Amino acid sequence: MTDTSNALLGPAQIRDLAGRLGVRPTKTLGQNFVHDAGTVRKIVRAAGLTEGQRVVEVGPGLGSLTLGLLEAGMSVVAVEIDPVLAAQLPDTIATMAPERAGDLTVVLQDALTVTELPGPPPTALVANLPYNVAVPVLLTFLERFDTLDRVLVMVQAEVADRLAAPPGNRTYGIPSVKAAWYATARRTATIGRSVFWPVPNVDSALVLLERREHPQTRASRERVFQVVDAAFAQRRKTLRGALAGLAGSPALAQEALEAAGIDPGARGERLTVEEFARIAEALDDAAAARAAATDQ
């Protein structure tokens, strides 16, 4: 990748731009703007992209990371929910990196409602995700855009740990399992608080996800995720108890678990996504068998 510009936003420029726009970062939108050029370039390098790649960025804000992606030769489609920020972004790029302005497309929309993107399908997602919606946005984009082979997101450090946690780890939970349906995930770097404005109360971290084939299963993704949600709804319960509502009773849950080859006394944090898929299949099979028996 080759640098086409050295113009990235610094602390003074971030504050000046926000002041001129009347923008005050809000906790509601989970906004924290990166103002350190070195951190921006670190994120872009960590993404492992190739020049000319089509990248979707969620929540570009004032454009720090957008400029870094364009500087590295990417084509960027930026999804921004804030109309003031969305309107300003093209002007910022035109001012600071005019030779790259044609490689930016801005979509004014809530990332959770986006179902299609203009232009060529993106093959990567790179974003500083707002803390309050990081996991829903990540999972939504992995579900809706199967061309996304590589994802690098900056999230709250605790969320990064959850996304990358293996079974049996104390932070393993719903985000871990659902992310594993789509991709392998690993935490790559910690990002300190001082590179943000305003300074957040927690550290951030980068998580790299590389898409893989989802588990081979007769159960739908929705059904598997339903099982995952139930298994972790009350973490202290064994799977026999946690899945009783889905199965119809603890006894029926035990039968399905045994059919799937899973210990009914185990807890959700010990299971892989493939094992959750087996449970979903067993529950569906048991429900189908009961329905057939009722019809006879």
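Does T66 count as buried or exposed, and at what relative accessibility? Here are a few notes on this predicted model, starting with that residue.

1. T66 sits in helix α3. Its relative accessibility is 0%, so T66 counts as buried, the cut-off for that being under 20%.

2. The side chain of T66 has a partner worth a look: a polar contact of 2.6 Å links it to the side chain of E57. E57 also appears among the residues that T66 touches once neighbours within four places in sequence are set aside; the others are P60, V76, L89, I93 and L104.

3. Now to helix α1, which spans residues 11-21 and has I14, L17 and A18 as its buried residues. These cover an arc of only 95 degrees around the axis, which means that they lie on the same side of α1. The spacing helps to explain this: an α-helix has 3.6 residues a turn, so residues three or four places apart point the same way.

4. The other side of α1 carries A12, G19 and R20, which are exposed. As for the buried residues of α1, their cover includes β1 (33-34), α3 (64-71), α4 (83-96) and β8 (196-197). Helix α3 is thus a link back to the opening point, as T66 is found there.

5. Have a look just past the end of α1 too: G22 adopts a positive phi of about 70 degrees.

6. On confidence, the average pLDDT of the chain is 93, and 95% of the residues score at least 70. Please read residues 1-5 with care: their pLDDT is below 50, although the model gives this stretch 19 contacts beyond near neighbours in sequence.

Key
Residues numbered from 1 in each chain as written. Predicted model: local features only at pLDDT ≥ 70, side-chain atom pairs only at ≥ 80, totals over all residues. Heavy atoms only, no water. Buried < 20%, exposed > 50% of the residue type's maximum accessible area, 1.4 Å probe, protein only. Helix = DSSP H or I, 4+ residues; strand = E, 2+ residues; numbered from the N terminus. Arc of directions from axis to C-beta. Contact = heavy atoms within 4.5 Å. Polar contact = N/O pair within 3.5 Å; in protein donor to acceptor, adjacent residues only side chain to side chain. pLDDT = per-residue confidence, 0-100.
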